[in-house]
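Please look over the following protein model before reading the report. The notes after it go from the whole chain down to single side chains.

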Amino acid sequence: CGGQDAFLCKFDSNGDFNYGFTSQRDPSKNLVTKIDYHLSDKHQISGVFFWSKDTEIGDSQDVVQPYWFTDFVLTAYVARANWTYLPNSSWVNEFHFGFDRKVENQASLECLPGRGAAAPSFTFNTGGDGCFGSANPSNFAFPTLTISGFDDLGGVGSQIRVEGYPQFADSVSHSSGNHNLKFGFEMRHPYWNGAALVNKKGTVIFGTNSINAFGTSATSTTNPFATPLQSFLMGLPSDGNIVSGDPVILRRNWVYGMFAQDDWRVTPRITLNLGMRWEYQTALSADNNQQAVFDPFSPIGLAQQGTQPVWNPSSFASNLQPRVGMVWDLTGKGTTVLRAAWGIYSNWPVWNVFANLGSNPTGAIFYDINGNTTQGTGDIANANVTFPTTSAAAGAALTWTAAGPVFPTGAVKCGNNLAVPA
């Protein structure tokens with residue numbers, strides 16, 4: 001395959017164009033350690049630790065330069081410790097400790113020198129935090145350029161995501177006659193730290209909103225609108241947007257649970273299981289109170305955490321969860337057994353429900369429909385800011401130089417004429 005057919009060689013068996021760049025997956029690194037220690041006839045200790053790290057470049061991305069591939073770093077930590085204590089034949093105590101931690105970070109290769117193909121030296125300041133969240137946050141990264149009808153130029157941006165929780169649990173079992181009693185508690189402290197930093201370096205769009213570098217009409221035969229590519233070559237964007245502020249947020253809360261149950265052998269053929277569980281989860285909090293919720297009574301429509309809880313857990317009584325079960329050996333021979341159970345179970349809110357609470361800009365300047373402004377009283381200044389189109393002649397409220405785009409900087413404004421002042 002070559003010669004005049006060299007271009008056709010770029011198409012794979014599915015007809016997809018292959019730019020010539022392939023993904024790179026480093027060998028997965030794993031470590032497992034395990035211990036079992038029989039301290040005495042009454043004490044048994046065991047533990048396990050697992051660590052795994054996987055790095056991958058590319059992941060089948062559609063990019064037009066290899067230095068715009070994304071470098072994915074995935075790391076997992078799992079630790080377990082158990083202690084079993086048998087003071088006598090009728091009592092058993094089991095204590096468990098666990099720790100889970102997962103890291104899912106990613107950054108464009110141009111922000112990670114040495115990891116892949118080297119990017120050219122971008123001498124201009126894009127105005128955005130191009131490599132925010134990477135190992136080289138001060139580096140300039142190429143903003144995402146969207147030219148209608150073409151593949152985007154630039155990488156997809158970065159991500160910081162670290163989550164996990166430590167957990168403590170203890171249970172005590174006691175056998176007495178026809179009863180097998182068990183009760184215990186557990187406590188967890190989950191956390192989530194990170195943010196999607198996809199648009200921290202900004203996006204500049206060409207060829208939308210009827211904003212063109214020249215021309216009077218799309219249907220004109222004498223002076224038609226410029227194509228998106230022509231508008232790009234002329235340096236006239238139609239609009240753009242960028243994430244303002246630091247969107248990284250650390251959320252955490254506490255989760256508690258207690259239970260008691262009794263396996264009661266009522267008769268040789270009938271056994272009842274009676275249990276009660278109680279669960280409680282504290283309100284979700286964020287370090288530095290970087291969360292805000294909608295508040296119709298606030299002048300800006302938002303209330304920042306610290307003055308109002310993000311979520312109020314249920315009262316004590318509503319967290320009680322009874323469970324009842326029965327096993328009946330119909331024949332007494334174990335050949336036919338009837339089982340029945342009833343219980344109340346709960347499912348706590350998924351944290352994704354609160355994912356965007358850290359992007360409610362309580363510190364912004366808010367505009368009403370009449371153009372009046374209200375300065376927010378909070379200090380959250382994270383938002384995806386869209387730069388408005390001013391006119392077909394002027395394009396978007398962005399500075400476009402011969403070297404590239406320069407995004408305006410300043411305080412976030414929200415409302416009519418959403419903008420960031422230069």
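The report below covers the overall build, the confidence of the prediction, the salt bridges, some single residues and a surface patch.

## Overall build

This is a predicted model. The protein has 422 residues, and 36% of them are buried. Its secondary structure consists of 27 strands and 1 helix.

About 23300 Å² of the protein's surface is accessible, and carbon and sulfur atoms account for 57% of that area. Among contacts in the protein with a separation of 6 or more, 65% are between residues 24 or more positions apart.

## Confidence of the prediction

The average pLDDT of the protein is 80, and 77% of the residues reach at least 70. In residues 1-10 the pLDDT is below 50, and this stretch has 8 contacts in the model beyond near neighbours in sequence. Residues 410-422 also have a pLDDT under 50. For residues 410-422 the model has 39 contacts beyond four places in sequence.

## Salt bridges

Side chains of opposite charge can pair when their charged atoms come close. The structure holds 10 salt bridges. One of them joins the side chains of arginine 80 and aspartate 100, with 2.8 Å from N to O. Arginine 80 is in strand β4 (residues 70-88) and aspartate 100 is in strand β5, so this pair links distant parts of the chain, 20 residues apart. Arginine 80 counts as partly exposed because its relative accessibility is 33%.

Which residue forms a salt bridge with glutamate 186? The partner is arginine 277, and the closest N and O atoms are 2.3 Å apart. Glutamate 186 belongs to strand β8 (residues 179-188) and arginine 277 to strand β14, so the salt bridge ties together parts that are 91 residues apart in sequence. With a relative accessibility of 21%, glutamate 186 counts as partly exposed. Arginine 277 is buried, at a relative accessible area of 16%.

Arginine 277 also forms a salt bridge with glutamate 279, where the closest N and O atoms are 2.7 Å apart. Both glutamate 279 and arginine 277 are buried. Elsewhere, Lys102, Glu104, Arg161 and Glu163 are joined into one network by salt bridges that share partners.

## Glutamate 279 and asparagine 241

Glutamate 279 is part of strand β14 (residues 270-281). Is its side chain buried or exposed? Glutamate 279 counts as buried because its relative accessible area is 13%, and buried means under 20%. Its side chain makes a polar contact of 3.0 Å with the side chain of serine 346.

Asparagine 241 sits in strand β11 (residues 239-244). Asparagine 241 is buried, with a relative accessible area of 16%. A polar contact of 2.5 Å connects its side chain to that of asparagine 199.

## A loop residue

Where does proline 113 lie? Proline 113 is found in the loop between β5 (91-108) and β6 (144-147). Proline 113 counts as exposed because its relative accessible area is 61%, and exposed means over 50%. Along the chain, proline 113 and alanine 135 are 22 residues apart, and their C-alpha atoms are separated by 9.3 Å.

## A nonpolar surface patch

Six residues can be picked out on the surface: Trp264, Val266, Leu274, Val324, Trp342 and Ile344 form a nonpolar patch. Together they have about 510 Å² of accessible area. One of these residues, tryptophan 342, lies in strand β19 (residues 337-343).

Technical notes: Residues are numbered from 1 along each chain as its sequence is written. Side-chain values use heavy atoms; hydrogens and water are left out. Patches are made of residues with over 30% relative accessible area and no salt bridge: like charges are joined within 9 Å, nonpolar side chains (Val, Leu, Ile, Met, Phe, Trp, Tyr) within 5 Å. Accessible areas come from the Shrake-Rupley method with a 1.4 Å probe; for residues, only the protein chains shown count as cover. A salt bridge is a side-chain nitrogen of Lys or Arg within 4 Å of a carboxyl oxygen of Asp or Glu. Helices (H or I, at least four residues) and strands (E, at least two) are DSSP runs, numbered from the N terminus. Buried means under 20% relative accessible area, exposed over 50%, partly exposed in between (1.4 Å probe, protein chains only). Contact means heavy atoms within 4.5 Å. A polar contact is a pair of N or O atoms within 3.5 Å; within protein, one must be able to donate a hydrogen and the other to accept it, and residues adjacent in sequence count only if both atoms are side-chain atoms. pLDDT is the predictor's confidence in each residue, from 0 to 100.
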